[in-house]
Amino acid sequence: MSVLIYVESNGSEIKKSSLDAVSYGAQVASKVGGAANVIAVGTFPQEQLTALGNFGAASILNVTGDSFNQNSPAASAAAVIAAANKVGAKVVVLPKSTLVDSFAAKVAAQLKAGIVTNVTDLPDTSNGFSVKRSIFTGKAFATVAINSNIKVITLAKNAYQGTETGGTAAVESLTVSLSEGDTKVKTTNVEKMSGELLLTEAEIVVSGGRGFKGPENWGLLLDLAKALGAATGCSKPVSDMDWRPHHEHVGQTGVKVAPNLYIAVGISGAIQHLAGVNSSKCIVVINKDPEAPFFKAADYGIVGDLFEVLPKLTEAAKLLK
Amino acid sequence: MKILVCITHVPDTTSKITFANNAFNAAGVQFIIGPYDEYALSRAVELKEQHGGTVTVLNVGDAETEPTIRKALAIGADDAIRINAVPKDSGFVAAQIAAVAKTGGYDLILMGRESIDYNGGLVHGLVADALGIPSITPIMKLDIEGGVAKMTREIEGGKESVECALPFVAGCQEPIAEWKIPNMRGIMSARTKTLNVVEPVAVNDAVLYGTFSLPAPKGACKMVDAANPGELLTLLRNEAKVL
Ligand SMILES: Cc1cc2nc3c(=O)[nH]c(=O)nc-3n(C[C@H](O)[C@H](O)[C@H](O)COP(=O)(O)OP(=O)(O)OC[C@H]3O[C@@H](n4cnc5c(N)ncnc54)[C@H](O)[C@@H]3O)c2cc1C
Ligand SMILES: Nc1ncnc2c1ncn2[C@@H]1O[C@H](COP(=O)(O)O)[C@@H](O)[C@H]1O
């Protein structure tokens, strides 16, 4: 009963969500009695791949080549399918990401597997195979049984913490050829922020709303983010007004984040915004209106004017080590 | 150009989610077209205005979803199909949609990036695979020139431009189009537009929903004095242990 886990890089290192998925997959493997194998698509520094053994991987398959370096959903799907067939995977674990969202269905369909996304916990294997998943954008949970021979699951962000167990894994290269259908979607241009922390991967997110009055004041938020080593997000009106790029917009219709710490500044806490942040471990709200609905969803709050509070908070954060 | 838009009938984004007898409690809940699906529909109507053709909306649901389907007709779809089955999960829904789309000759199938009830994010990819055509998600811009679509797809920390020849399936999100408010003429004409009801096909479904639950309630919010924000950091480090 082999388990296959897909890992992704953020450009310089393997993403935390992928490390969490490897640990998770290793736990699933020990539950169902098998080995945890990893599939990595693209070129990785060798030591990053062998280090996955430390999170419980027994072996690593690596697919490289021109078509496997552009974050192409079709190429990634083809690689995962080939790897699943090679290791005879019964469970395929995919860490939630925008790329995974764009190819997970294909993997499941080709493997004739049942698929469940947004899984938040280890499977219950006491009677069949069932998982807990988040539904209604984090407002509820459901348990779902997967009855197919092969099972595909997408692990929700920050739902399972990876742990280092010691060990290394051997890396083997796998050759995969693409079919004609895999090359029908052509990428003509990529615009990616460089050197920025990925919002969906960050352990701390500081987010700003309409309370900032205008993009010229965003430096206050960026300074705090820098002092805390945090990624930045925003509310929908902020990205609608182009104060910030669309990919920073958090909520029901934007990015869903689940960091350890979410600090919301000058955001009222509309239910659609909360839907994108309610899986965060700890929520801090800074708002001048004590009646702002966000305080009801918060763990810690400061009632105050952000233009006064933020500079002080940033100064205090700089003193942390 | 024949466009198919698949829409969900989901609780309004402000709804309180509760369950009764292990089923979603719809009492007092307002239902809407899924927000992402409505972006897809709005763009489909714009594409029709530019290129001619038809927009068909499709929903897998029981008769209760018909007001939502009529709203899509009022927004500008030409006709509608309702597959008469309670949507059980993405795999079931995709099999139903694929069965209808196989013979429909659609040039483009637009969906939302995900439904806001089940958040599967899967139906577009599963339908595309069943039809043997590409699926692209999440897209934020879609233009068609000479049978080729030029799109912008969101990627982590940015966006990419992609091209694909028709037909394909796409999962849409903002800002692909502005939501359209139906006008009086649209609402009147929606009443008489064709809504075909189709019976579902049998599906050997691999996934079975069991029990539903709600997250644990949040404790009280601890307030920190605005004059001393440093205290907040102390609490985050020592009490919440998140710094
Ligand atoms: C279908 C649908 C989907 C949506 N999806 C999303 C989504 O994904 N994400 C999202 O964010 N929204 C979404 N919205 C919009 C949402 O309903 C709210 O309108 C939005 O979140 C409000 O943004 P805001 O809190 O920045 O602005 P506001 O509601 O204007 O709040 C600004 C806040 O800043 C505070 N403030 C002002 N000045 C100061 C100051 N000097 N110091 C401190 N605090 C100050 C105010 O007290 C207020 O609470 C959606 C809406 C709909 C209908
Ligand atoms: N019951 C349904 N009827 C019609 N289309 C649906 C249905 N469920 C999902 N879809 C479409 O598939 C997309 C993705 O759904 P999901 O996989 O549930 O997140 C939605 O945004 C809709 O466009």
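# Reading the labels in a predicted two-chain model

In this predicted model, A:Thr253 is found in the loop that runs between helix H6 (236–240) and strand S13 (261–265) of chain A.

Q: Why is A:Thr253 called buried?
A: The relative accessibility of A:Thr253 is 9%, and buried means under 20% relative accessible area, so A:Thr253 counts as buried.

Q: What makes the pairing of A:Thr253 and A:His249 a polar contact?
A: The side chains of A:Thr253 and A:His249 are joined at 3.4 Å, and a polar contact asks for N or O atoms within 3.5 Å, one able to donate a hydrogen and the other to accept it; the pair is therefore listed as a polar contact.

Q: Which residues does A:Thr253 touch, leaving aside those up to four places away in sequence?
A: A:Thr253 touches A:Lys236 in chain A, and B:Pro35, B:Tyr36 and B:Glu174 in chain B.

Q: Why is the link between A:Lys236 and B:Glu174 called a salt bridge?
A: The closest N and O atoms of A:Lys236 and B:Glu174 are 2.8 Å apart, and the rule requires a side-chain nitrogen of Lys or Arg within 4 Å of a carboxyl oxygen of Asp or Glu, so the pair satisfies the rule. The count between chain A and chain B is 6 salt bridges, and 34 residue pairs are in polar contact between these chains.

Q: How many residues does each chain bring to the contact, and how much area is buried?
A: Chain A brings 83 residues and chain B brings 74 residues, and the two chains bury about 6,500 Å² between them, with 58% of it on carbon and sulfur atoms. In chain A, the residues that lose the most area to chain B are A:Thr98, A:Phe136 and A:Tyr300, which together make up 12% of what that side buries.

Q: What is notable about the backbone of A:Phe136, and is its side buried or exposed?
A: A:Phe136 has a positive phi of about 50 degrees although it is not a glycine, and it is found in the loop between strand S6 (130–135) and strand S7 (140–146) of chain A. With a relative accessible area of 6%, against a limit of under 20%, A:Phe136 is therefore buried.

Q: Why does A:Thr137 count as buried?
A: A:Thr137, in the loop between S6 and S7 of chain A, has 6% relative accessibility, and because buried means under 20%, the label applies to A:Thr137. A:Thr137 also has a positive phi of about 50 degrees although it is not a glycine.

Q: What makes A:Asp20 and A:Lys16 a salt bridge, and how are they placed in the helix?
A: Their closest N and O atoms are 2.9 Å apart, which is within 4 Å, so the rule is met. A:Asp20 and A:Lys16 are 4 residues apart in helix H1 (residues 16–32) of chain A, and so are separated by about one helical turn. A:Asp20 is buried at a relative accessible area of 6%, whereas A:Lys16, at 25%, is partly exposed.

Q: How do you know that the salt bridge of B:Arg113 and A:Asp101 joins two chains?
A: The side chains of B:Arg113 and A:Asp101 meet at 3.9 Å, N to O. B:Arg113 lies in the loop between strand S8 (108–112) and helix H4 (123–131) of chain B, while A:Asp101 lies in helix H4 of chain A, so the pair joins two chains. B:Arg113 is buried at a relative accessible area of 15%, and A:Asp101, at 22% relative accessibility, counts as partly exposed.

Q: What do B:Arg82 and B:Glu66 tie together?
A: The side chains of B:Arg82 and B:Glu66 meet in a salt bridge of 2.8 Å, N to O. B:Arg82 lies in strand S7 (residues 79–83) of chain B and B:Glu66 in helix H2 (residues 66–75) of chain B, so the pair ties together parts that are 16 residues apart in sequence. B:Arg82 counts as buried at 5% relative accessibility, whereas B:Glu66, with a relative accessible area of 23%, is partly exposed.

How values were computed
Residues are numbered from 1 along each chain as its sequence is written. Chains are lettered from A and ligands numbered from 1 in the order in which they are written. This is a predicted model: local features need pLDDT of at least 70, side-chain atom pairs count only at pLDDT 80 or more; totals for chains, interfaces and linings use all residues. Side-chain values use heavy atoms; hydrogens and water are left out. Buried means under 20% relative accessible area, exposed over 50%, partly exposed in between (1.4 Å probe, protein chains only). Contact means heavy atoms within 4.5 Å. Buried area is the accessible area (1.4 Å probe) that two parts lose on being put together, summed over both.
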